[in-house]
Amino acid sequence: MAMRQATKAAIRACASSPSSGYFSRRHFNASSGDSKKIVGVFYKANEYATKNPNFLGCVENALGIRDWLESQGHQYIVTDDKEGPDCELEKHIPDLHVLISTPFHPAYVNAERIKKAKNLKLLLTAGIGSDHIDLQAAAAAGLTVAEVTGSNVVSVAEDELMRILILMRNFVPGYNQVVNGKWDVASISYRAYDLEGKTIGTVGAGRIGKLLLQRLKPFGCNLLYHDRLQMAPELEKEIGAKYVEDMHEMLPQCDVVVVNMPLTEKTKGLFNRELIGKMKKGVLIVNNARGAIMERQAVVEAVESGHIGGYSGDVWDPQPAPKDHPWRYMPNQAMTPHISGTTIDAQLRYAAGTKDMLERYFKGEDFPAQNYIVKDGELAPQYR
């Protein structure tokens, strides 16, 4: 009971936070008296749905907002079935008003679906990263796209640090030895290293990238970052990170490369054979950003040849990853499903943030400015 009350309190607290704005104001054609059809697409939890009262991000618990929405007269449809012409989501596309999805089980919203969705006004991402939506098509259609900015940045940064250590210490083969009843120290230790003294570079230093650099500082690493914007000098000094304006200059210096950039037309397939070939032999790569930033086969070939010493991440293209996806079977990988940003703590934050934006939508109020990805036909700067 206490945990349920804490969950409700967290949602109420986020819902009452003030908004600000750099986008021009837009009034939605919605009010608390209008009945709206809202569709949520989330992963299914099955037997795990009842194991934690704060497990809100699944189909069964539906962000914890079902009772609230239905008490106001809205229709709330939730499903995990999102692919193909006969899927459950497709049945609701023509008459839904709001579509909520997550990066962990994304509902891919292309131009064709947008064209069919005659009543659609609002696309919400419960989490961070809205590249599962055709943002140009959404902008052209006058739709609003928003996400819960900042809701899982700590979760992802912590996960990235974990993956760096897992690769550096060659942890996965050691774990597999224990599970399989083996004991061969040499086969693990011949390629296990300390993190101290290594050069770590992040490609992208937004909210997640900065948090990762801050968490790496105590390890005594040489920290580099590349981003479209340089940090303030005092922040650089505090973190101990050096800005490298040219990514191609930074990458060959790095023992570990961490990808922290959004997926856009410019970054899709950015890490191809040529770019990977410029990195150190044996480089470790962590990618919790988006799978499509990497050229799939180029990664496989580089891992198999040893040019990439280890690859870890939780993002795939597409998601869920098919059983025959080659990253599942390449050597020296520490891949997982897309889990880094859906910790219980993150779920509480993005559930609360989603409810907050729905409340504002029903009242015709602006969202917090940083949440907008598309508004009034304009894309947020990181997606331009």
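This briefing describes the sheet, the cores, some of the helices and the salt bridges of the structure shown above. The model is a predicted one, and each feature below was computed from its atoms. One open sheet contains 7 strands with mixed pairing, the largest nonpolar core has 34 residues, and the structure holds 17 salt bridges.

**The open sheet**

- The 7 strands of the open sheet follow the order β2-β1-β3-β4-β5-β13-β14, and their pairing is mixed.
- At the edges of this sheet stand β2 (75-79) and β14 (378-379), each of which has a single partner strand, so one side of each is left without a neighbour in the sheet.
- Strand β1, which covers residues 37-41, runs parallel to β2 and is joined to β2 by 5 bridges, and within this pair Val39 stands opposite Ile77 of β2.
- As background, strands of a sheet pair through backbone hydrogen bonds, and they do so in either a parallel or an antiparallel way.

**Strands β10, β11 and β12**

- Strand β10 (residues 283-287) pairs with β11 in the parallel sense over 5 bridges, and Val283 has Ile308 in β11 as its bridge partner.
- Between these two strands the chain passes through helix α13 (residues 296-305), and the β-α-β crossover that leads from β10 to β11 is right-handed.
- Strand β11 also runs parallel to strand β12 (residues 333-335), to which 3 bridges join it, and here Tyr311 has Gln333 in β12 as its bridge partner.
- Strand β11 itself (residues 308-313) is mostly covered, with 6 of its 6 residues buried.

**The nonpolar cores**

- In soluble globular proteins, nonpolar side chains tend to be buried together.
- In the largest nonpolar core, which has 34 residues, those with the most contacts inside the core are Leu63, Tyr76, Ile100, Leu124 and Leu358.
- The elements that give two or more residues to this core are α2 (66-71), β2, β3 (98-101), β4 (122-125) and α14 (344-363), and the largest share, 8 residues, comes from α14.
- Leaving aside neighbours within four places in sequence, Tyr76 is in contact with several residues, including Ile38, Gly40, Phe42, Leu63 and Leu69.
- A second core, separate from the one just described, has 33 residues and includes Ala289, Ala298, Trp316 and Met330.

**Helices α14, α6 and α10**

- Helix α14 is mostly covered, since 15 of its 20 residues are buried, and just after this helix Gly364 takes a positive phi of about 75°.
- At 1.5 Å a residue, the 20 residues of α14 should span 28 Å, and this agrees with the model, where the end C-alpha atoms are 29 Å apart.
- Helix α6 (residues 153-168) can be checked in a similar way, because its 16 residues should span 22 Å at 1.5 Å a residue, and its end C-alpha atoms are 23 Å apart, which agrees.
- Helix α6 is also mostly covered, with 12 of its 16 residues buried; among them are Val153, Leu161, Ile164 and Leu167, together with Asp159, Glu160 and Arg163.
- Just after α6, Asn170 takes a positive phi of about 55°.
- Glu238 lies in helix α10 (residues 233-239), where, not counting residues up to four places away in sequence, Glu238 touches Gln214 and Lys217.

**Salt bridges**

- Side chains of opposite charge can pair when their charged atoms come close.
- Arg290 and Asp131 meet through their side chains in a salt bridge of 2.7 Å, N to O; Arg290 lies in the loop between β10 and α13 and Asp131 in the loop between β4 and α5 (135-140), so the pair ties together parts that are 159 residues apart in sequence.
- Arg290 counts as buried because its relative accessibility is 13%, which is under the 20% limit, whereas Asp131, at 24% relative accessibility, counts as partly exposed.
- Asp255 forms a salt bridge with Lys280, in which the closest N and O atoms are 2.9 Å apart, and both are partly exposed, Asp255 with a relative accessible area of 21% and Lys280 at 31% relative accessibility.
- Arg273 forms a salt bridge with Glu295, the closest N and O atoms being 2.8 Å apart; Arg273 lies in helix α12 and Glu295 in the loop between β10 and α13, so this pair ties together parts that are 22 residues apart in sequence.
- Glu90, Glu112, Arg113 and Lys116 are linked in a network of salt bridges.

Key. Residues numbered from 1 in each chain as written. Predicted model: local features only at pLDDT ≥ 70, side-chain atom pairs only at ≥ 80, totals over all residues. Heavy atoms only, no water. Pairing = 2+ DSSP bridges. Helix = DSSP H or I, 4+ residues; strand = E, 2+ residues; numbered from the N terminus. Core = buried A, V, L, I, M, F, W, Y, C linked by side-chain atoms within 4.5 Å. Buried < 20%, exposed > 50% of the residue type's maximum accessible area, 1.4 Å probe, protein only. Contact = heavy atoms within 4.5 Å. Expected span 1.5 Å × (residues − 1). Right-handed = clockwise from strand over helix to strand, strands pointing away. Salt bridge = Lys/Arg side-chain N within 4 Å of Asp/Glu carboxyl O.
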